Every structure is written in structure tokens, then in C-alpha cells.
Amino acid sequence: MIYPSGRAVVLAGAGALPALLAAFLVPAWWTLAIVWIGAVIVLMLIDALAGAALRSVEASVGAPQAVGVGGEVPVRIAVSGLSGPAEARLGHDDLLAEIAGFAPKLRLAGTEQEGGVIHRLVAARRGLSALGPLWLRWRGPLGLVWKQRVIDPEVSVAIQPDLARVREDAMQLLRRDAMIGERVEPLIGQGREFEALTDYQRGMERRMIDWKRSARHSRLLAKEYRAETANSLVLAIDSGRLMGEPVAGLPRIDRAVAAALLTAFVALKAGDGVRLFSFDSHPHIASGAVRGTQSFAQLQRLAADIGYSTHETNFTLGLTSLDARLDRRSLVVIFTDFVDPASAELMLRTVGRLTAKHVVLFLIMRDEELESVVDEVPQDSEAVARAVVAGTLLRERKLVIERLRLAGADVLEADWRDMGPQLVGRYLDIVKAQRL
């Protein structure tokens, strides 16, 4: 595509006004305006034919094959076949976003074209993002026309869950809880397998007393059981509409996926079985139980396929379907969000049946936006109204949390910055307390 530049428009207008004035004074000179505009058009044609031809200019786009969601995506744009300056603009889908403060239009000087320039984007959502098209334009030698070419770079970037932070947090947690040295020690706890008899000590539960053997030996004896070492962990992620709302620039569901993968890594390292489950209006992903750190890649691929849904969450169908798949007592971690008791009513009805057989933990992100509105000193009546509404929503949210606890579920309301480590800590506490 070739079209006039701003210089050509200004030049044509600058000559047309004096020509019209001359025609007003001397009517026979009216043709001067046409001659002037014709001369400008001829100069534009010369400018279009001179310089680099459209087909001789090529451009290449380089980008990383994969990047974690929320991370920067450096894109290198290089141009060949052009010696003068040029301008470029790279298109992309909604999985990528422009970084605040960076101009989307790139200027390439003549010395930069072969090496290329770096354009930085940010990965906003998970998925396979296709870059392009690339709009490239440059002026002719006279600066009267723009020559523009549209190129399809055929480059894609796989945006995956952010594993760099997951691995870093996991190794820190494992180092913190690691034991110095190794020794063989039987794990005694509230498991199913009988281990031995021991003298009853103050503080032991009375149900551990073996009354028959105590009567035979004339002293209180208690049973010890071998603790379970292969627990079952289920990570159930709500992918409904509310989980698509952003928190600090990333959707809640991406924060939940990162926390789930961190907990899965620690659980697999400890030898526990892990399942991944996602649902919105109906179940989407339901993996079987996997064990061993070599299975983490499988969970990572499944987590990357959890989509962004606009449907309302059907807790009854999702949690009932999950319950039907579990054949043993498990720790079920549900990543979800709600705004009021009405939207959580169906969830509350289903939780009671799930807590009767399993340990259920709800992970909910703190709503910092509502808390900031409540804490802010109002300056006018509109700010007072916002604070009242925000306070009402927070009270209703706390009401739902209390009802969940009354139904037998644990609730962890965490800040998005450290929700992963907090979840791992709660998981380890539940395992150490032998609640499974």
C-alpha cells in the first residue's frame, strides 16, 4: 500500500491557497492551482518509484516459545532490505497486553533494522497466543508518500501457568521443613494399620484403650497405629465467571492455578496422591490420582488447559461429580469465590455431604479492593455510599465463610501474594494432625 504523507498534504495545501488568490485577482490564472496540485502528484509518483520497493522489504519477528502468565514477553522485530528509518506496529490477541508506558508504535533507525528492536508485551491470560500481523511503513526519499507492508510473522507464544515462582516457593518450603540427616523411624499416628500396644499415657484419647488386654494385664494399655503416609489430595478449581475477575492485573483463576501447582509439587514430593479437577457450569477436567514428582508435568499440562469461562458456577453438579469419583478419604481443596449469600446458597447445600466423608478446605482470596474502599476516609456523599456498599458486601462474605465453617469445612482467606505458601502450610498442618 502506498498513500500520501503529511508532508505531501501540507505541500499541496500550501500551494493551492496562493494559486486561488492569484485566480481571484487574475481569473485567467485559475489553472495555476491545477498545475500546482499536478506537480505535487508527479513528485509523489517519483517518490513512490524511488527508494526500496514494497516486495524487497522483509521483516522477522522473534519471541520466546513459552512464558509464564503475568510475565513479560520480549519480541524482537528486525527489518531487512531497507536503509532508511521505518515505523512498525505489531498486532496481537487479547492473551497479550501492552505494558503501560511503552508506545505500541516502534521506530527503527537505519542502523537498528538488521539487529532489530525489542518490543515488550505482558502475558495477560493462559493459552496459545498468535502474534501478528506486523504493520511496517517507511517514507520515500522525498518524504511525500508512505510505503506500507503488512506481514504475517507466523509466530506464536504458549502462555502457561507461572512455574518459576512455583518452583522457587516450593524449594524454599521444602528446605524449611527438611530434616537434617536421615533415620528410619516408624510413623505412629491415627492410621488404619495396627502397630503395637503401649502403656496408656495422660493425654491419649480414650478410644485408643484396649480394654480386654488392659484387664488381662491389670494396667491400662493403648493401641498404636501406623500413620498413613500416602494421603489423597484433590485440587478443585472453580473456573466460573467470578474467577475470571482480575486481581492485581491477573485473573483470580491464574492465581488459583499457581497456588494449586505449588501445593501439588509439595504433595508429590511427600509421596501423596494428587488429583486435579476443574468445573464451572459442568465439570471440565478430572484427572486420576498421580504420584511422584515425575507426574508434575502432567498436572502442569492439565492446569494449562483450564479455560476462562463466562458461565455461572454450578456447585451442585461440580462437587457431586467430584464426590462420586473419590473412593477414599481425601483432602479436597476448593479454589473459588463468591459475592453474597444468595450466590453461595447452592454451594452451602452441597458442602455438608462432602464434609461427611472428606476434609474440605476452601481457599478464598481476600478482596483488597472492597477493604480499601471501606478503610478510605470518604470525602463526599458518593464515597460514603461506596463505603456502605463495600462494607455490606464484606459482611455478607464473612457470613458465608461462617456458614461454611458450621457445615464442617475449613476456610483459608489468603492474600494473593502468599496464598500458595499459606495453602501449603495448611495442607502440612492437616497431614501432621492425621486428619486424613
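## Two helices and two residues

The axes of helix H5 (residues 252-269) and helix H6 (residues 296-304) come within 10 Å and cross at roughly 165°. Angles over 145 degrees count as roughly antiparallel, so H5 is roughly antiparallel to H6. The crossing of H5 past H6 is right-handed. Keep in mind as you look around that this is a predicted model.

Which residues in H5 and H6 meet? On the H5 side you'll find Val257, Leu261, Ala264, Phe265 and Leu268, and they meet Phe296, Leu299, Gln300 and Ala303 in H6. Sorted by class, this contact has eight nonpolar residues, one polar residue and no charged ones.

Now let's pick out two single residues elsewhere in the chain.

| Residue | Where it lies | Relative accessible area |
|---|---|---|
| Ile37 | helix H2 (residues 31-49) | 38%, partly exposed |
| Asn231 | loop between strand S14 (221-226) and strand S15 (232-238) | 5%, buried |

Is Asn231 buried or exposed? Buried means under 20% relative accessible area, and Asn231 has 5%, so Asn231 is buried. What does Asn231 touch, leaving aside its neighbours within four places in sequence? Asn231 is in contact with Asp272, Gly273, Arg291, Arg328, Val431 and Leu436.

Back in helix H2, where Ile37 lies, there's a pairing to look for. Ile37 and Ala16 are 21 residues apart in sequence, and their C-alpha atoms are 7.2 Å apart in space. As for its surface, Ile37 has a relative accessible area of 38%, so Ile37 is partly exposed.

Notes. Residues are numbered from 1 along each chain as its sequence is written. This is a predicted model: local features need pLDDT of at least 70, side-chain atom pairs count only at pLDDT 80 or more; totals for chains, interfaces and linings use all residues. Side-chain values use heavy atoms; hydrogens and water are left out. Helices (H or I, at least four residues) and strands (E, at least two) are DSSP runs, numbered from the N terminus. Buried means under 20% relative accessible area, exposed over 50%, partly exposed in between (1.4 Å probe, protein chains only). Contact means heavy atoms within 4.5 Å. Axes are lines fitted to C-alpha atoms, for helices over the stretch in contact, and angles run from 0 to 180 degrees between N-to-C directions. Angles under 35 degrees count as roughly parallel, over 145 as roughly antiparallel, 65 to 115 as roughly perpendicular and the rest as oblique. A crossing is left-handed if the near helix is turned anticlockwise from the far one by less than a right angle, and right-handed if clockwise. Ala, Val, Leu, Ile, Met, Phe, Trp, Tyr, Cys and Pro count as nonpolar, Asp, Glu, Lys and Arg as charged, and the others, Gly among them, as polar.
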